[in-house]
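Hi,

Here is the structure I said I would pass on, with my notes on it underneath. Have a look at it first, then read on.

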Amino acid sequence: MKKFSAIAAIILVSACMSPQSAISDVKASTVAAPKSSAELTLNAIAEDYIKLTLAMGEKESGYVDAYYGPLEWAQAAKNDPRDMVDLGNDIVRLMERLDASLTVDSEDLGLRKRFLSAQLEAAHTRHAMISGEELPFVEEAKGLFGVTPKIRPLSEFDPILEEIEKLVPGDGSLSARVDAFENQYVIPKDKLRNVFDTAIAECKKRTTQYFDLPESENFKMEFVTDKSWSGYNYYQGNYQSLIQINTDLPIKISRAVDLGCHEGYPGHHVYNMLLERNLTNTRGWQEFSIYPLYSPQSLIAEGSANYGIELAFPGVKRLEYERDVLYPLAGLDPDTAGAFWALQIAKQALSGARMTIAQKYLDKEISREQAVADMMKYQLVGRERAEQSLSFNDQYRSYVINYGLGLNMVREWIEAQGDAPVWRWKAMERLLSEPMLPQDLTSEVID
């Protein structure tokens with residue numbers, strides 16, 4: 001097993017416990033009373049941070065991704081008299097108060113202070129954007145998510161396209177051939193519910209082999225339309241989620257496991273549950289009862305949700321499960337599963353192109369039409385799917401970095417903890433249960 005990062009060393013005690021004992025249900029009423037003036041001070045700052053975030057959420061729809069704190073705070077935010085100038089000033093004042101007035105006297109408080117500082121930095125950046133400031137893609141990503149993405153030229157992905165040409169021979173453009181080939185693997189609409197229910201149940205089964213989840217946890221799944229994303233988890237608190245699956249475009253068979261893990265187990269649903277139980281309820285860290293979408297939390301959330309797919313279905317085990325279970329449910333030919341799976345594996349090497357295209361498009365280096373063409377070529381999708389991806393970029397901008405870059409950073413950190421599955425699941429549990437930041441996932445300084 002390789003050397004742990006600094007943050008992992010702090011929480012090594014939790015990692016050495018068995019998966020069943022590492023997490024236990026503890027109601028909020030059992031949280032110990034604050035033991036120091038520093039903790040009292042930090043609790044007050046955390047409360048103000050929550051109220052400020054709720055107020056920001058009233059200025060921008062979707063800014064607050066999840067909240068399960070006191071209802072009266074949410075109601076008060078709806079009547080908050082502060083305008084954008086006042087909110088900006090209050091963000092700065094809270095940052096200064098956190099930096100200047102708090103003397104940390106324990107490792108726990110140090111972790112909380114560091115987390116709140118990063119969240120407030122992101123709030124400051126997002127406030128500037130809501131107020132009309134335009135930031136370059138890379139600067140925006142750094143301010144919101146705490147990392148500086150490295151933008152690769154699209155030409156670096158040309159050799160990958162050449163390799164994929166061998167998998168899908170024929171006439172016409174490669175993207176058209178790939179799109180036509182993949183359209184043979186669409187889940188019929190009347191079979192979507194059964195296929196997704198089955199896939200999510202398997203994602204949960206594989207997760208609960210390592211994680212002890214709350215007995216009351218559950219989710220509701222809905223199929224929706226007219227969205228720029230393919231799936232979304234709306235965490236409700238009390239270990240409940242609403243998972244929505246967008247059916248605007250045909251859904252390929254591979255998306256059942258993808259979305260089942262990413263939105264559910266061990267992805268967003270589990271991440272939010274563990275934060276609620278382990279940090280908000282058990283430790284009394286109320287700042288984790290709110291999740292602002294444009295913050296470093298999102299790189300952890302999206303990166304871990306994507307890596308959770310690989311963790312639950314490593315290598316050929318995913319092919320075997322989809323071929324033997326999901327293909328028959330969807331009415332697809334299991335004998336062709338290997339060819340489709342090989343193409344999906346090959347296309348993973350193109351994921352970085354999505355970030356490059358987003359950067360060029362949002363920084364106005366290329367037109368929308370050129371961005372569509374580049375998306376079709378380097379993501380190997382049809383025009384409709386390319387247009388949907390650009391609509392996502394229009395709405396969420398640099399958020400796109402959290403998928404590919406987040407996955408790479410999470411994978412590197414978790415797999416550095418050990419080769420055995422049990423160690424990787426333990427590392428995943430730590431990642432989802434502690435106030436970790438993107439900088440904790442790499443030994444390099446990200447600036």
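Let me start with one residue in helix H10, Arg-177. Keep in mind that this is a predicted model. Is Arg-177 buried or exposed? With a relative accessible area of 12%, Arg-177 falls under the 20% cut-off and therefore counts as buried. Setting aside neighbours within four places in sequence, its contacts are Glu-165, Val-168, Pro-169, Gly-170, Asp-171 and Gly-172. One of these partners, Glu-165, sits 12 residues away along the chain, and the two C-alpha atoms are separated by 9.3 Å.

Helix H10 also turns up in the surroundings of helix H9 (residues 158-167): together with helix H16 (337-347) and helix H18 (368-379), H10 is among the elements that cover the buried residues of H9. Which residues of H9 are buried? They are Ile-160, Leu-161 and Ile-164. These three span an arc of only 100 degrees around the axis, so they lie on the same side of H9. Glu-162 and Lys-166, on the other side of H9, are exposed.

The other charged residue I looked at is Glu-322, which belongs to helix H15 (residues 316-330). Glu-322 has a relative accessibility of 3%, so it counts as buried. Leaving out neighbours within four places in sequence, Glu-322 touches Ile-253, Ser-254, Val-257, Tyr-327 and Pro-328. Glu-322 and Ala-256 are 66 residues apart in sequence, yet 9.1 Å apart in space, C-alpha to C-alpha.

Now the chain as a whole. Its secondary structure consists of 21 helices and 5 strands. Of the 447 residues, 54% are buried. The accessible surface adds up to about 19,300 Å², with 51% of that belonging to carbon and sulfur atoms. If you count contacts with a separation of 6 or more, 73% of them are between residues 24 or more positions apart.

On to the core. In soluble globular proteins, nonpolar side chains tend to be buried together. Here the largest nonpolar core has 133 residues, and Phe-196, Ile-253, Leu-431 and Leu-441 have the most contacts inside it. Helix H4 (residues 37-59) provides the largest share of this core, 10 residues. Two of those names link up with other parts of this note. Ile-253 is one of the contacts of Glu-322. Phe-196, leaving aside neighbours within four places in sequence, is in contact with Ile-187, Met-221, Phe-223, Ile-245, Ile-251, Arg-255, Ala-256 and Leu-259.

A few backbone details next, since you may want to check them yourself. Most residues other than glycine have a negative phi, and most peptide bonds are trans. Where does this chain have a cis peptide bond? The bond from Tyr-265 to Pro-266 is cis, with omega near 5 degrees. Pro-266 is placed in the loop between helix H12 (254-264) and helix H13 (268-281).

Positive phi values occur in the loop between strand E3 (231-237) and strand E4 (240-246), where Asn-238 is found. Asn-238 is not a glycine, but its phi is positive at about 55 degrees. Tyr-239 lies in that loop between E3 and E4 too, and its phi is also positive, about 65 degrees, although it is not a glycine either. Their accessibilities go opposite ways: Asn-238 counts as exposed at 59%, whereas Tyr-239 counts as buried at 10%.

Last, the empty space. Searching the whole structure gives 3 cavities of 30 Å³ or more. The largest cavity has a volume of about 40 Å³. Its lining is made up of Ala-66, Tyr-68, Asn-272, Leu-275, Phe-288, Ile-290, Tyr-291 and Gln-297. H13 and strand E5 (290-292) each give at least two residues to that lining.

As for open space, the second largest pocket has a volume of about 420 Å³. It is lined by 19 residues, of which Gly-62, Val-64, Asp-65, Tyr-232 and Tyr-234 are the closest to its centre. Strand E1 (64-67), E3 and helix H19 (383-396) each contribute at least two lining residues to this pocket.

That is what I have so far.

Cheers

Technical notes:
Residues are numbered from 1 along each chain as its sequence is written. This is a predicted model: local features need pLDDT of at least 70, side-chain atom pairs count only at pLDDT 80 or more; totals for chains, interfaces and linings use all residues. Side-chain values use heavy atoms; hydrogens and water are left out. Helices (H or I, at least four residues) and strands (E, at least two) are DSSP runs, numbered from the N terminus. Buried means under 20% relative accessible area, exposed over 50%, partly exposed in between (1.4 Å probe, protein chains only). Contact means heavy atoms within 4.5 Å. Accessible areas come from the Shrake-Rupley method with a 1.4 Å probe; for residues, only the protein chains shown count as cover. A nonpolar core is a set of buried Ala, Val, Leu, Ile, Met, Phe, Trp, Tyr and Cys residues joined through side-chain atoms within 4.5 Å. The arc is that of the directions from the helix axis to the C-beta atoms. On a 1 Å grid over the protein atoms alone, a cavity is a set of points where a 1.4 Å probe fits but cannot get out, and a pocket is an open set with protein on both sides within 12 Å along at least five of seven lines; lining residues have an atom within 4 Å of a point. Grid points are joined across faces, edges and corners, and a volume is the space filled by probe spheres set on the points.
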